[in-house]
Amino acid sequence: MTTAALEVDGLRKAYAGRAVVDGLSLTLRPGTVLALLGPNGAGKTTTVEICEGFRTADAGTVRVLGLPPAESSLRARVGVMPQAGGAYPGLRCAEMLRLVASFSASPLDPDDLLERLGLSEVARTSYRRLSGGQQQRLSLALAVVGRPELVFLDEPTAGLDPAARRATWELVEALRRDGVSVLLTTHLMDEAERLADDVVIVDAGRVVATGTVAELTRTGAVGQLRFRATPGLDLEQLLTALPVGCTAKESPSGDYLVEGVVDPQLLAAVTAWSAGQGALATDLRVETRTLEDVFLDLTGRELRA
Ligand SMILES: Nc1ncnc2c1ncn2[C@@H]1O[C@H](COP(=O)(O)OP(=O)(O)O)[C@@H](O)[C@H]1O
Ligand SMILES: [Mg+2]
């Protein structure tokens with residue numbers, strides 16, 4: 001059995017008697033991307049900072065590459081991108097990246113990294129003069145330039161414009177291709193859907209669901225099939241052709257909705273039925289659940305709230 005890149009078991013942390021991390025467990029498989037997905041205040045940063053060795057837990061165990069988080073030998077093997085950023089404000093962008101690269105035995109090429117993150121134009125600009133989004137991307141570059149085995153990225157794309165977000169996503173995908181293990185936190189479900197092998201959904205310090213994106217969006221899913229056809233078709237006849245448990249309605253006129261387990265048989269039944277009535281079903285759409293729907297079902301709240 002290979003050692004997990006990160007193993008968290010029964011983690012607890014309270015502030016002023018209030019549990020902000022409340023028995024949280026997760027496993028990051030080596031060479032994969034795990035997204036800790038949850039709304040603001042869910043306890044994501046607290047969890048990550050305990051794993052990074054910056055805060056201590058009240059209870060539970062954490063193993064980072066098989067070692068306790070405070071183990072000094074981890075510094076060279078783990079990359080950290082803090083939520084609040086963190087750098088030497090007076091240094092120029094490229095200088096800082098070269099400095100951090102020099103601490104590593106086999107760093108990535110700093111200039112290439114600046115290019116990939118859209119920072120080449122500001123390579124000679126001091127950190128304090130960079131925009132917030134540029135500081136954030138430099139912080140990401142600093143986290144990965146030393147070619148770590150494991151990277152912690154806390155809300156890496158929060159507040160970035162679409163181009164910078166895409167560049168960040170591409171870098172995370174490249175890390176994954178290189179076999180780096182990545183734990184990222186996000187409150188953006190599209191980010192988790194795009195990047196993560198595994199998603200751990202957290203709310204109020206607890207894990208509310210764990211699985212691959214496909215598993216989470218499939219669980220208990222009642223699918224919806226929508227289509228358009230001539231108004232007033234005979235739905236009673238459709239229902240007799242559909243599996244037991246399906247429902248069908250027309251609303252508004254000419255817009256049809258079938259709910260049930262959407263599989264090829266269901267699609268075939270619908271098209272055969274409409275053809276039997278001399279009508280052509282058009283604009284067939286299968287609506288699938290998103291992680292946003294999963295979170296709403298589990299907590300009754302919206303992720304972005
Ligand atoms: N050092 C601290 N002292 C007191 N409360 C804290 C501290 N750090 C975090 N919290 C509280 O813990 C909760 C979880 O915060 P955090 O881990 O930052 O969540 P997230 O990163 O998911 O937004 C929040 O209610 C926050 O106010
Ligand atoms: Mg946070």
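Domain bounds here come from an automatic or database domain assignment. The model is predicted, so to speak for local features a pLDDT of at least 70 is needed, side-chain atom pairs count only at pLDDT 80 or more, and totals for chains, interfaces and linings use all residues. Residues are numbered from 1 along each chain as its sequence is written, while chains are lettered from A and ligands numbered from 1 in the order in which they are written.

**Exercise 1.** Work out how the chain is divided and how far apart the domain centres lie.

Solution. Start with the bounds: domain 1 covers 6–218 and domain 2 covers 223–287. Then take the C-alpha centres of the two domains, which are 45 Å apart.

**Exercise 2.** Place Gln224 and decide whether Gln224 is buried, partly exposed or exposed.

Solution. First, find the strand: Gln224 belongs to E10, residues 223–228 (strands, E, are DSSP runs of at least two residues, numbered from the N terminus). Next, count neighbours: 16 other C-beta atoms lie within 10 Å, so Gln224 is partly exposed (buried takes 20 or more, exposed 12 or fewer, partly exposed is in between, with C-beta atoms placed from the backbone). Finally, look at distance: the C-alpha atoms of Gln224 and Tyr15 are 44 Å apart, with 209 residues separating the two along the chain.

**Exercise 3.** Find the strands that pair with E1.

Solution. Pairing needs at least two DSSP bridges between the strands. E1 (residues 6–15) runs antiparallel to E4 (residues 59–64) with five bridges, and Val8 sits opposite Val62 there. E1 is also antiparallel to E2 (residues 18–28), through eight bridges; in that pair Ala14 faces Ala19.

Technical notes. Helix = DSSP H or I, 4+ residues; strand = E, 2+ residues; numbered from the N terminus.
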